[in-house]
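Thanks for making the time this morning. I would like to walk through the empty spaces and the ligand site in one structure, and I will put it on the screen now.

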Amino acid sequence: MKSFEITGLSTAQAHNYLLHAIAPRPIALVSTVDKEGKVNLSPFSFYNLFSTNPPVCIFSPSRRVRDNTIKHTLENVQEVAECVINIVDHNIVYKVNQASAEYPKGVNEFKEAGLTELASLHIRPPRVAESPVQLECIVKQIISLGDGPGAGNLVLAEIKTIHFKDGLLDENGKPIQRNFDHVARLGGDWYCRVTSESLFELPKPVNEPLNR
Ligand SMILES: Cc1cc2nc3c(=O)[nH]c(=O)nc-3n(C[C@H](O)[C@H](O)[C@H](O)COP(=O)(O)O)c2cc1C
């Protein structure tokens with residue numbers, strides 16, 4: 001076994017080890033606007049659902065390890081506290097990757113990646129029409145985890161509206177997991193896809209009395 005104290009690793013090494021180990025991670029494709037209404041679209045895999053009442057997702061636009069610069073998405077949610085979290089499936093993952101390129105501020109990654117803007121019902125950032133599930137969110141809080149390279153910025157986004165594409169819910173409104181075709185991020189350039197072959201069900205254990 002090889003063991004490492006984090007203090008003995010460079011930030012880039014720690015980043016690389018942790019991203020391979022803590023995987024797969026879901027991907028939030030986040031649309032935001034700046035105070036002038038200019039649209040931005042970027043993916044984030046430091047992301048998950050943390051509460052259902054209130055329903056809160058957190059994603060983290062980090063300071064770049066390379067040069068400690070911050071991301072346009074973070075600047076935008078500081079200016080306009082709204083975002084759409086667009087769920088990523090295999091159909092759009094190549095375009096999502098393109099949207100992660102470092103474009104100058106003000107460039108609309110919808111256009112660069114070939115994705116379609118769809119107006120949100122209640123907030124200014126548009127949804128991604130091709131995304132299977134779109135979550136309209138209000139940003140409640142932003143927590144900075146530091147000011148050095150690699151430091152995360154936790155964006156706490158409260159979900160207000162959920163949009164499902166046709167074919168994801170059955171006639172009783174129940175989600176059909178097989179139809180979501182999710183993809184997730186791992187280390188380096190690795191991704192994985194949730195296919196029928198990789199899915200399995202594991203029923204919850206039957207409750208037993210604790211005082212056996
Ligand atoms: C699948 C994927 C996941 C990513 N996850 C993150 C992440 O969690 N945090 C982060 O800071 N950057 C992440 N990135 C990189 C950003 O998307 C990239 O830095 C982007 O240029 C930021 O755009 P912005 O400056 O317009 O916000 C990820 C890239 C990809 C392709």
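Let me begin with the lining of the largest cavity, which is made up of D34, K38, V39, N40, H72, N76, K105, G106 and V107. Please keep in mind throughout that what we are looking at is a predicted model. The elements that contribute two or more residues to that cavity lining are β3 and α2, and by class the lining divides into two nonpolar, four polar and three charged residues. The space inside the largest cavity comes to about 50 Å³, and the structure holds one cavity of 30 Å³ or more. As a general point, rolling a probe the size of a water molecule over the atoms shows where empty space is left.

From the cavity I move to the pockets, and to the ligand. Which pocket does the ligand take up? The space it occupies is the largest pocket, and about 1,200 Å³ of space lies there. The lining of this largest pocket comprises 42 residues, and those nearest its centre are H15, P43, F44, K71 and R185. If we ask which elements supply at least two residues of that lining, they are α1, which runs over 11-21, together with β3, α2 and α3, the last of these covering 93-99. Of the elements, α1 gives the most to the lining of the largest pocket, with six residues. Sorted by class, the lining has 18 nonpolar, 16 polar and eight charged residues.

Now to the ligand itself and its surroundings. The shell around the ligand consists of 21 residues, and the closest of them are F46, S62, H72, T73 and S100. H72, as you may recall, is also one of the residues that line the largest cavity. In the shell, the residues divide into seven nonpolar, nine polar and five charged. The largest share of the shell, four residues, comes from β3.

Which residues place a polar atom at a short listed distance from a ligand oxygen? There are three that I would like to point out, and I will take them in order along the chain. In S42, an N or O atom of the side chain is 2.9 Å from an oxygen atom of the ligand. For S62 the partner is instead a polar backbone atom, which lies 2.8 Å from a ligand oxygen. Then there is K71, where a polar side-chain atom is 2.8 Å from an oxygen atom of the ligand. On its own the ligand has 640 Å² of accessible area, and the protein covers 91% of that. As for the elements around it, β3, at 39-44, and α2, at 72-79, are those that give two or more residues to the shell.

The second largest pocket deserves a few words as well. About 530 Å³ of space lies in it, and of the 24 residues that line it, the closest to its centre are Y47, L49, I87, L135 and H182. The elements that give two or more residues to this lining are β1, β4, β5, β9, β10 and β11, and β4 gives the most, with four residues. By class, the lining of this second pocket has 20 nonpolar, three polar and one charged residues.

I will finish with the backbone. In general, most residues other than glycine have a negative phi, and most peptide bonds are trans. Where, then, do we find cis peptide bonds? One joins A23 and P24, with omega about -5°, and P24 lies in the loop between α1 and β1. Another runs from N53 to P54, with omega near 5°, and P54 lies in the loop between β4 and β5. Lastly, N68 is a residue other than glycine whose phi is positive, near 65°, and its place is in the loop between β5 and α2.

Notes: Residues numbered from 1 in each chain as written. Predicted model: local features only at pLDDT ≥ 70, side-chain atom pairs only at ≥ 80, totals over all residues. Heavy atoms only, no water. Near = heavy atom within 4 Å. Polar contact = N/O pair within 3.5 Å; in protein donor to acceptor, adjacent residues only side chain to side chain. Areas by Shrake-Rupley, 256 points an atom, 1.4 Å probe, with all protein chains shown as cover. 1 Å grid on protein atoms, 1.4 Å probe; cavity = no way out; pocket = protein on both sides within 12 Å on 5 of 7 lines; lining within 4 Å. Sits in = over half its atoms within 2 Å of the grid points. Nonpolar A, V, L, I, M, F, W, Y, C, P; charged D, E, K, R; others polar. Points joined across faces, edges and corners; volume = space filled by probe spheres on them.
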